[in-house]
Amino acid sequence: MKNVKIFSICLILISAIIIAGGSFPDILLNIKEKVFDSEPCERERELVIMGEERKVSYFLDAFKDYTFFNGEHSGSGEIIHKFSDETINVNFLGVSSSVVEEARSALSLLGPIARLEFLEDEIVEFDNAIVFFSSYDQARDFPDWDRIEELKSKNGTVCQTFVFPKSIYGRSIGEIKTSYVYVNENFIRRRLSSCIRHETLHALGMLGDTRNGYPSILDTRTARVEYSEQDLLILTGIYSNIIRPGQTKKEALNQYCTFISGYEVKNVRGGG
């Protein structure tokens with residue numbers, strides 16, 4: 001069973017490298033040893049990232065910072081939020097071709113991690129879906145418009161994501177139903193690219209914006225246009241089969257500790 005898991009992970013990473021034209025991006029995840037539930041969590045193990053040694057505990061702090069956030073994202077809180085194992089439908093409603101191009105580029109890198117399907121223009125799907133839009137007037141027809149109107153920024157913004165999980169008796173069960181990504185198209189191309197890639201991680205369940213010094217496209221003080229190794233490692237952990245929607249912070253951190261402690265990550269092209 002362990003060998004089957006290792007083989008499956010290798011296939012996922014190979015697919016990612018093919019789609020990204022040989023990069024993932026600018027890094028290679030070299031799996032030295034992968035363990036899930038057969039070994040204890042190794043919090044003090046040193047991982048090599050871009051030639052620097054980092055303890056597993058460093059990644060646990062980053063995972064917590066990126067994944068649990070109480071703020072504008074309506075799906076946030078003290079449990080894991082992610083889409084189910086089903087295919088995630090991606091819609092583009094009333095956005096320009098440049099937004100479609102940037103979003104497709106961003107999501108093609110993440111597709112091998114989370115199952116994504118791009119829908120044709122005339123097809124609209126709100127269940128198990130990411131919806132890109134550029135007009136709040138248009139959003140008035142969305143099933144979740146009342147909450148979007150309540151949560152949207154009053155001061156204007158480049159991009160904003162609204163995550164709506166499924167719920168029972170008004171309480172989130174952690175499984176994302178729909179993520180809506182608002183894109184303000186009145187920005188130069190580089191900033192548009194950065195904000196779309198930033199928001200796609202929010203849409204998939206990485207709800208936090210970090211200012212704690214972790215290299216990430218979620219660091220709001222920078223204008224990164226590429227995902228960092230850490231971004232990809234955290235998202236891969238969230239969408240592994242050992243982390244489930246609705247897991248508590250403690251449960252998810254324990255599972256992610258086991259997940260990440262089996263990795264050795266090496267920079268191969270000076271990315272970051």
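Phenylalanine 132, in this predicted model, touches residues from several separate stretches of the chain. Leaving aside its neighbours within four places in sequence, phenylalanine 132 is in contact with Val90, Asn91, Phe92, Leu93 and Val95, with Ala103 and Leu107, and with Val181, Val183, Ile196 and Thr200. Phe132 is also among the residues with the most contacts inside the largest nonpolar core, together with Phe63, Ile130, Leu204 and Tyr256. That core comprises 59 residues. Another core, of 14 residues, lies apart from it and includes Phe133, Tyr136, Phe142 and Leu151.

One of the contacts of phenylalanine 132 is also a ring pair. The structure holds 13 aromatic pairs. In the pair formed by phenylalanine 92 and phenylalanine 132, the ring centres are 5.3 Å apart and the planes stand at 20°, so the pair is stacked. Phenylalanine 92 belongs to strand S4 (residues 88-93) and phenylalanine 132 to strand S6 (residues 129-133), so that the pair links parts of the chain 40 residues apart. Both phenylalanine 92 and phenylalanine 132 are buried.

A second pair, phenylalanine 126 with tyrosine 180, has its ring centres 6.2 Å apart and its planes at 40°, and is therefore tilted. Phenylalanine 126 lies in the loop between strand S5 (116-118) and S6, whereas tyrosine 180 lies in strand S8 (residues 171-183), so this pair ties together parts that are 54 residues apart in sequence. What is the exposure of each partner, buried or partly exposed? Phenylalanine 126 counts as partly exposed, because its relative accessibility is 22% and the limit for a buried residue is under 20%. Tyrosine 180, at 0% relative accessibility, counts as buried. Ring pairs link both residues into a cluster with Phe133, Tyr136, Phe142, Phe164 and Tyr182.

The loop between S5 and S6 that carries phenylalanine 126 also contains asparagine 128. Phi of asparagine 128 is near 55°, a positive value in a residue other than glycine. With a relative accessibility of 4%, asparagine 128 counts as buried.

Strand S8, the strand of tyrosine 180, also holds valine 183. Valine 183 has a relative accessibility of 0% and therefore counts as buried. Beyond its neighbours within four places in sequence, valine 183 is in contact with Val99, Phe132, Phe133, Ser134, Val158, Cys159, Leu192 and Ile196. Its list thus includes Phe132, the residue with which this account began. The C-alpha atoms of valine 183 and glutamate 199 are 9.1 Å apart in space, with their positions 16 residues apart in sequence numbering.

Isoleucine 196, a contact of phenylalanine 132 and of valine 183, can also be placed relative to helix H3. Serine 105 is located in helix H3 (residues 97-110). Serine 105 and isoleucine 196 are 91 residues apart in sequence, and their C-alpha atoms are 9.8 Å apart in space. At 30% relative accessibility, serine 105 counts as partly exposed.

Another part of the structure is the contact between two helices. The axes of helix H2 (residues 56-67) and helix H7 (residues 229-238) come within 10 Å and cross at roughly 75°. The two helices are therefore roughly perpendicular to each other. On the H2 side the contact involves Tyr58, Phe59, Ala62, Phe63, Tyr66 and Thr67, which meet Gln230, Asp231, Leu233, Ile234 and Ile238 in H7. By class, the residues of this contact divide into 8 nonpolar, 2 polar and 1 charged. Phe63, on the H2 side, is also one of the residues with the most contacts inside the largest nonpolar core. Helix H7 is mostly covered, with 10 of its 10 residues buried. These buried residues include the charged Glu229 and Asp231.

The loop between H7 and helix H8 (249-260) contains isoleucine 242. Isoleucine 242 has a relative accessible area of 13% and is buried. Between isoleucine 242 and glutamine 255 there is a separation of 13 residues in sequence and of 6.6 Å in space, C-alpha to C-alpha.

These details belong to a protein whose secondary structure comes to 8 helices and 9 strands. Of its 272 residues, 51% are buried. Among contacts with a separation of 6 or more, 70% are between residues 24 or more positions apart.

Key: Residues are numbered from 1 along each chain as its sequence is written. This is a predicted model: local features need pLDDT of at least 70, side-chain atom pairs count only at pLDDT 80 or more; totals for chains, interfaces and linings use all residues. Side-chain values use heavy atoms; hydrogens and water are left out. A nonpolar core is a set of buried Ala, Val, Leu, Ile, Met, Phe, Trp, Tyr and Cys residues joined through side-chain atoms within 4.5 Å. Buried means under 20% relative accessible area, exposed over 50%, partly exposed in between (1.4 Å probe, protein chains only). Contact means heavy atoms within 4.5 Å. Axes are lines fitted to C-alpha atoms, for helices over the stretch in contact, and angles run from 0 to 180 degrees between N-to-C directions. Helices (H or I, at least four residues) and strands (E, at least two) are DSSP runs, numbered from the N terminus. Angles under 35 degrees count as roughly parallel, over 145 as roughly antiparallel, 65 to 115 as roughly perpendicular and the rest as oblique. Rings of Phe, Tyr and Trp (its six-membered ring) pair if their centres lie within 6.5 Å; planes under 30 degrees apart count as stacked, over 60 as edge-to-face and the rest as tilted.
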